[in-house]
Amino acid sequence: MSVGLGVAFGLAGLLSATLAVTRASAARTLLWLLVSLLALAGAFFALTATFAAVLQILVYAGAVVAVFVFVLITVDVSPAALARERDRLRRDWLLPAAVALLVVLPLLIGPGAAGLPGSASLPDAPATAGQGPGIPPLSPKAVGMLLFGPWAVAVEVTSFLLLAGLLAVRHFGRRPPADGATTPAPPPAGPEGGDT
Amino acid sequence: MPTPPMSPDDLMLLLTLAAALFATGLFGLLVRRGILFQLVSIEVMLSGAALAFVAAGAFHGDAAGQGMYVLVLALAAAEAGLGLGLYLRLRRTVATSDSAGDSDMVSQLKG
């Protein structure tokens with residue numbers, strides 16, 4: 001696996017992402033997004049970041065895109081809606097393209113690789129604490145030791161984020177009661193306690 | 001598996017690719033008005049950031065790149081779920097046909 005292969009996969013991811021954001025149909029957009037995410041997973045494999053690559057396939061391309069596909073069911077796909085999207089794309093693409101170009105311009109014309117140390121000058125053992133001498137630096141074991149070790153607090157905070165997201169989505173998905181009350185009626189009382 | 005020897009030029013190329021991916025997502029976010037397309041564009045932006053982190057981690061031979069990737073991934077998943085939940089809620093509340101599915105729907109919310 002070479003870095004050149006990683007660059008090729010990254011380029012494929014970039015091209016399919018460009019296609020994804022310029023399609024008029026939501027289904028085509030999601031398919032190109034899937035291609036882009038899988039191409040990035042290939043790039044991660046080529047860079048020997050196997051843990052990130054597998055997570056990309058399982059979670060990003062698997063779960064997140066699946067949730068998008070569920071919502072796709074509710075999207076309007078009549079020819080009039082597609083024609084409307086295409087007109088909008090053709091009309092006002094210039095200013096956003098200029099802004100996007102502004103974002104990437106510093107890296108295209110900028111200092112380049114002049115200020116970066118060569119990877120050959122790095123010591124053998126990376127600076128992450130607690131790693132044994134025989135562990136490959138980018139292996140899942142190294143990532144696990146990082147996430148369970150020095151970064152455990154960050155993982156806990158992330159779990160708070162996910163819990164908050166879960167509760168918020170559950171709140172959004174609640175159907176409001178038909179009589180317009182803001183809080184749903186309490187569930188009917190079950191059999192009175194004390195029977196057991 | 002040994003770390004591939006990555007030259008600084010390779011890293012700059014990958015970082016430029018990541019920036020281009022981010023810029024593509026930004027372009028999509030600004031141009032599209034359908035909320036679903038805007039959410040897809042945000043996912044593209046996040047994947048650009050993920051590529052930057054993983055490439056830098058591979059260059060330095062540090063697992064922190066993939067660790068940051070895990071955090072970015074959790075953020076992306078939470079944001080996608082919340083964004084889509086909001087989208088479905090908006091569709092249910094504001095159901096006129098000329099701006100159905102648009103970010104213009106938000107301006108029709110009462111209060």
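A salt bridge is a side-chain nitrogen of Lys or Arg within 4 Å of a carboxyl oxygen of Asp or Glu. By that rule, 0 salt bridges are found across the interface of chain A and chain B. Keep that in mind while going through the views below, which show a predicted model.

**View 1. Chain A is built from 7 helices and 0 strands.**
Follow the sequence and you get the pattern α-α-α-α-α-α-α. Chain A has 196 residues, and 31% of them are buried. Its accessible surface comes to about 11900 Å², and 72% of that belongs to carbon and sulfur atoms. Now look at how the chain folds back on itself: of the contacts between residues at least 6 apart in sequence, 46% join residues at least 24 apart.

**View 2. Chain B has 3 helices and 0 strands.**
Starting at the N terminus, the order here is α-α-α. Of the 111 residues in chain B, 59% are buried. The accessible surface of chain B is about 4000 Å², with carbon and sulfur atoms accounting for 68%. As for contacts between residues at least 6 apart in sequence, 57% of those in chain B link residues at least 24 apart.

**View 3. Here the two chains meet, with 83 residues of chain A in contact with 76 residues of chain B.**
The size of an interface is often given as the accessible area lost when the parts come together. For chain A and chain B, the buried area is about 6800 Å², and carbon and sulfur atoms give 78% of it. Which three residues supply more than any others of the area that chain A buries against chain B? They are Tyr60(A), Phe68(A) and Phe172(A), which supply 10% of that area.

**View 4. This is a look at what bridges the two chains, with 7 residue pairs in polar contact between chain A and chain B.**
That count takes pairs in which both residues are at pLDDT 80 or more. Salt bridges don't add to the picture, since the rule finds 0 of them between chain A and chain B.

**View 5. Several helices of chain A give two or more residues to the side that touches chain B.**
The list runs through H1 (3-21), H2 (26-46), H3 (50-72), H4 (79-91), H5 (94-109), H6 (140-148) and H7 (152-173) of chain A. Which of these gives the most? That is H3(A), with 12 residues on the side of chain A that touches chain B. Sort the residues of that side by kind and you get 56 nonpolar, 19 polar and 8 charged.

**View 6. Arg32(B) sits in a loop of chain B and touches residues of chain A.**
The loop in question lies between helix H1 (8-31) and helix H2 (35-60) of chain B. Is Arg32(B) buried or exposed? With 2% relative accessibility, Arg32(B) counts as buried, because buried means under 20%. The side chain of Arg32(B) reaches over to the backbone oxygen of Val21(A), at 2.8 Å. Leaving out residues up to four places away in sequence, Arg32(B) touches Val21(A), Thr22(A), Arg23(A), Ala24(A), Glu85(A) and Leu89(A) in chain A, along with Phe37(B) and Gln38(B) in chain B.

**View 7. Val65(A) is a buried residue in helix H3 of chain A.**
Its relative accessible area is 7%, so Val65(A) falls under the 20% cut-off for buried. Setting aside neighbours within four places in sequence, Val65(A) is in contact with Leu33(A), Leu34(A), Leu37(A) and Tyr60(A). Tyr60(A) may ring a bell: Tyr60(A) is one of the three residues named in View 3. Val65(A) and Leu31(A) are 34 residues apart along the chain, and their C-alpha atoms are separated by 9.0 Å.

**View 8. Thr48(A) has a positive phi, near 60 degrees, in a residue other than glycine.**
Where does Thr48(A) lie? Look in the loop between H2 and H3 of chain A. Thr48(A) is buried, with a relative accessible area of 8%.

**View 9. Leu11(A), in helix H1 of chain A, is partly exposed.**
The relative accessible area of Leu11(A) is 44%, which puts Leu11(A) between the cut-offs of 20% and 50%. Leu11(A) and Pro137(A) are 126 residues apart in sequence, and from C-alpha to C-alpha they are 26 Å apart in space.

Key: Residues numbered from 1 in each chain as written. Chains lettered and ligands numbered in written order. Predicted model: local features only at pLDDT ≥ 70, side-chain atom pairs only at ≥ 80, totals over all residues. Heavy atoms only, no water. Helix = DSSP H or I, 4+ residues; strand = E, 2+ residues; numbered from the N terminus. Buried < 20%, exposed > 50% of the residue type's maximum accessible area, 1.4 Å probe, protein only. Contact = heavy atoms within 4.5 Å. Areas by Shrake-Rupley, 256 points an atom, 1.4 Å probe, with all protein chains shown as cover. Buried area = accessible area lost by both parts, 1.4 Å probe. Polar contact = N/O pair within 3.5 Å; in protein donor to acceptor, adjacent residues only side chain to side chain. Nonpolar A, V, L, I, M, F, W, Y, C, P; charged D, E, K, R; others polar.
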